[in-house]
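Visitor: I would like a close look at a single part of this model, one helix and what surrounds it, set in the context of the whole chain. Please take the time to connect the details.

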Amino acid sequence: MSDQATTRSLRSRRSNLAVPGSNPKMLGKAKGLPADQIFMDLEDSVAPIAKAEARKNVVAALNEGGYDGKVRAVRVNDLTTHWTYRDVIEVVENAGQNLDCIMLPKVQTAEQIHWLDMLLSQIEHTMGFEVGRIGIEAQIENALGLVNVDAIASASPRVETIIFGPADFMASINMKSLVVGEQPPGYDVGDAYHYILSRILMAARAYDKQAIDGPYLQIKDVEGYRRVANRSAALGFDGKWVLHPGQVEAANEVYSPRQDDYDHAEMILDAYAYFTSEEGGARGAVMLGDEMIDEASRKMALVISAKGRAAGMERTQTFTPPE
């Protein structure tokens, strides 16, 4: 993995706040919200006649700065439209040094990622930017995209995240529901989204990408948001979109480890490092309290500790080697 890809894999994306590029006031307000990522939208939240002006707003917001500690992304229009190439060229040429990712919606094939990768490289060369620094986020929003998700995830080293777009996906498979993210009426045998989420997650993990769940449109129902978010968090997703400031805190909480779990993970890592060392007896399987830990335990602990560290958590317990 390249150094750039490693850096991307460590970016925390528990809460991914969508901000319409057509609304300068909201672009400014987003700076003060505790979201891990701000993505400025040029697609569905912007009317066709407002897209050119929205590009200018996004460029101005990125160059003005103030998004310290946040991943800065721009969602361009999808490749079935005539806006996409201008979105990428205008935003990246004019604000590429203040941009972390381009989000491409409705990705259906790896070739669409190849197109964006090549265009980004051409712009970076032309403008004298660091080539390859800007990442790509691929949004899966229809059946063809899900079928091709492995190829999409592995299409470019720039790909950082695979995102589930539930609303368009529901329409693409004729799901019998108008409530985005909720179970369709009559589906009473489990979770109608389980296969979709699992398929995206497997592709993301196979190619060391982050997996991000899509929006919950009932923005005033924070408990509903939390319930749906817990579904993807339990599977292993890294974060979820937020459409309203009221959802940010719930996302950050749901996709962070519990304090006890984070402390326990760090204790496992410390204990295993000690007991496998020469000083600790070079043992492969040992006891930590009443629990046996081994190499598999270490791998599981690494996942929890990485999430906790990315979230800025601090441990409250310290491992002490036995006398």
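Guide: What follows goes from the whole chain to helix α4, then to the loop after it and to helix α5, and ends with some other places in the chain.

This is a predicted model, in which local features need pLDDT of at least 70 and side-chain atom pairs count only at pLDDT 80 or more, while totals for chains, interfaces and linings use all residues. Residues are numbered from 1 along each chain as its sequence is written, and side-chain values use heavy atoms, with hydrogens and water left out.

The chain has 13 helices and 10 strands, where helices (H or I, at least four residues) and strands (E, at least two) are DSSP runs numbered from the N terminus. Its radius of gyration is 21 Å, close to the 20 Å that the globule rule gives for 323 residues, so the chain is as compact as a globular protein of that length; the radius is taken over C-alpha atoms, and the rule is 2.2 Å times the number of residues to the power 0.38. Along the principal axes, the C-alpha atoms fill a box of roughly 70 × 55 × 35 Å. Of the 323 residues, 52% count as buried, a word that here means under 20% relative accessible area, with exposed meaning over 50% and partly exposed lying in between (1.4 Å probe, protein chains only). Among contacts with a separation of 6 or more, 72% are made by residues 24 or more positions apart, contact meaning heavy atoms within 4.5 Å.

Helix α4 covers residues 84-95, and its 12 residues reach 16 Å from the first C-alpha to the last, close to the 16 Å expected at 1.5 Å a residue; that expected span is 1.5 Å times one less than the number of residues. Thr 84, Asp 87, Val 88, Ile 89, Val 91, Val 92 and Ala 95 are buried in this helix. The partners against which the buried residues of α4 pack are two helices, α3 (51-64) and α5 (110-127), and two strands, β3 (71-75) and β4 (101-104).

The loop between α4 and β4 holds both Gln 97 and Leu 99, and these can be read side by side. Gln 97 is exposed, at a relative accessible area of 58%, whereas Leu 99 is buried, at 0%. Setting aside residues up to four places away in sequence, Gln 97 touches Arg 72, Phe 129 and Arg 133. With neighbours within four places likewise left aside, Leu 99 is in contact with Leu 62, Arg 72, Ala 73, Val 74, Val 91, Val 92, Arg 133 and Ile 134. Two distances help to place these loop residues: from C-alpha to C-alpha, Gln 97 is 15 Å from Ile 136, which is 39 residues apart from it in sequence, and Leu 99 is 8.9 Å from Asn 63, at 36 residues along the chain.

Helix α5, one of the packing partners of α4, contains Leu 120 and Asp 117. Leu 120 is buried, with a relative accessible area of 0%, and, not counting residues up to four places away in sequence, it touches Val 88, Val 92, Ile 102, Ile 134, Ile 136 and Arg 158. Val 88 and Val 92 are themselves among the buried residues of α4. Asp 117 also counts as buried, at 17% relative accessibility, and its contacts, leaving aside neighbours within four places, are Ile 136, Ser 156 and Arg 158.

Elsewhere in the chain, helix α10 (residues 222-235) has 14 residues and reaches 20 Å from its first C-alpha to its last, close to the 20 Å expected. Gly 224, Tyr 225, Val 228, Ala 229, Arg 231 and Ser 232 are buried there, and the buried residues of α10 pack against α9 (194-206), β7 (210-213), β8 (239-242) and α11 (245-254). After α10 comes Gly 236, with a positive phi near 125 degrees. Asp 208, in the loop between α9 and β7, has a positive phi near 60 degrees although it is a residue other than glycine, and it counts as partly exposed at 41% relative accessibility.
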